[in-house]
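Please open the structure in your viewer and keep the selection tool handy. We will go stop by stop, choosing a few residues each time and looking at what is around them.

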Amino acid sequence: MTIRVLIADDQMMVREGFSVLLNAMPDIEVVGEAVNGREAVDRVRELAPDVVLMDIRMPVMNGIEATREIVAADVTSKVLVLTTFDLDEYVYQALRAGASGFLLKDASARQLADGVKVVAAGEALLAPSVTRRLITEFSKLGETPRLSATVQAQQYGELTERETEVLVLIAQGLSNGEIASRLVVAESTIKTHVSRILVKLGLRDRTQAAVFAYEARLVTPG
């Protein structure tokens, strides 16, 4: 199955470079490009790509607002944010807006292709070390939003004890296989738990589950 990708970046060299790299992969096809956030939103509606490579800093509409609109439109397209620095001050905002992960612009061809495949499969493109650094940085700045007590009671209270345990492990960056090994259960069981967690919390994917866990203080930075 070919993964269809849209590249949104205001720099032509970046768009062309990524297009060449991705089109060289047998199971990935670049179906379109956008030069700003507004065009990205329009192109998503038109092309329905599986993954959108989204630059954050763009004219007309930035990548954060574009991501928010794409997610609000309830389309199936997943957003993979592109950034120059791995602790870019806007990355966390993009994740909260609905992005499924982020990737550095200087990533290798293999890292780029792997990132697209991971996000297309519904996984979170957040390594444990990156997650800890990102959340810790924003905690230091005092900018990490927290869920209200009411929201926590309404949403977090719907999870079973095992689902809460799985949610915490997701936030720590563990894969389904790793969580299954940690809890000594079948990987298929973990997949079921993850699906139920997303439905109960009204979340889009694992990345949003991780953000929820931090904001609900189920996981603390460090």
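Start by selecting D55 in this predicted model. Its relative accessibility is 5%, and because buried means under 20%, D55 counts as buried. Colour by secondary structure and you will find D55 in strand β3. Now show its surroundings: leaving aside residues up to four places away in sequence, D55 touches A8, D9, D10, G63, L82 and K105. An unreviewed UniProt entry lists D55 for "modified residue: 4-aspartylphosphate".

Next, move to one of those partners, A8. What does A8 touch, not counting residues up to four places away in sequence? The list is A34, A40, L53, M54, D55 and M58, so you can step back to D55 from here.

Keep A8 selected and widen the view to the largest nonpolar core, which has 26 residues. The members that touch the most other members are A8, V52, M54, I70, V79, V81 and A99. To see where the core comes from, select the elements that each supply at least two of its residues: strands β1 (3-8), β2 (28-34), β3 (51-55) and β4 (78-83), along with helices α2 (37-47), α3 (63-72) and α4 (91-97). Which of them gives the largest share? That is α4, with 5 residues.

Hide that core for a moment and look for another one. A second, separate core holds 23 residues, including L167, A180, L198 and A213.

L167 is a good handle for the next stop, helix α8, residues 161-171. Here 8 of the 11 residues are buried, so the helix is largely enclosed by the rest of the structure. Select E163, T164, V166, L167, V168, L169, I170 and A171 to display the buried set. Just past the end of α8, click on G173, where phi is positive at about 90°.

Now take A180 as your guide and show two helices together, α9 (residues 176-183) and α10 (residues 187-201). Their axes come within 8 Å and cross at roughly 110°. Angles of 65 to 115 degrees count as roughly perpendicular, so α9 is roughly perpendicular to α10. The crossing is right-handed. To light up the contact, select N176, G177, I179, A180 and L183 on the α9 side, then E187, I190, K191 and V194 on the α10 side.

For the last helix on the tour, select α11, residues 206-215. How many of its residues are buried? The count is 10 of 10, and the helix is mostly covered. That buried set runs through R206, T207, Q208, A209, A210, V211, F212, A213, Y214 and E215. Just after α11, R217 has a positive phi of about 65°.

Finally, zoom out to the whole protein, with its 11 helices and 5 strands. Of its 222 residues, 47% count as buried. If you draw a contact map, look at pairs at least 6 apart in sequence: 67% of those contacts join residues at least 24 apart.

Technical notes
Residues are numbered from 1 along each chain as its sequence is written. This is a predicted model: local features need pLDDT of at least 70, side-chain atom pairs count only at pLDDT 80 or more; totals for chains, interfaces and linings use all residues. Side-chain values use heavy atoms; hydrogens and water are left out. A nonpolar core is a set of buried Ala, Val, Leu, Ile, Met, Phe, Trp, Tyr and Cys residues joined through side-chain atoms within 4.5 Å. Buried means under 20% relative accessible area, exposed over 50%, partly exposed in between (1.4 Å probe, protein chains only). Helices (H or I, at least four residues) and strands (E, at least two) are DSSP runs, numbered from the N terminus. Contact means heavy atoms within 4.5 Å. UniProt positions are given in the numbering used here, feature names are shortened, and annotations may be inferred rather than shown by experiment. Axes are lines fitted to C-alpha atoms, for helices over the stretch in contact, and angles run from 0 to 180 degrees between N-to-C directions. Angles under 35 degrees count as roughly parallel, over 145 as roughly antiparallel, 65 to 115 as roughly perpendicular and the rest as oblique. A crossing is left-handed if the near helix is turned anticlockwise from the far one by less than a right angle, and right-handed if clockwise.
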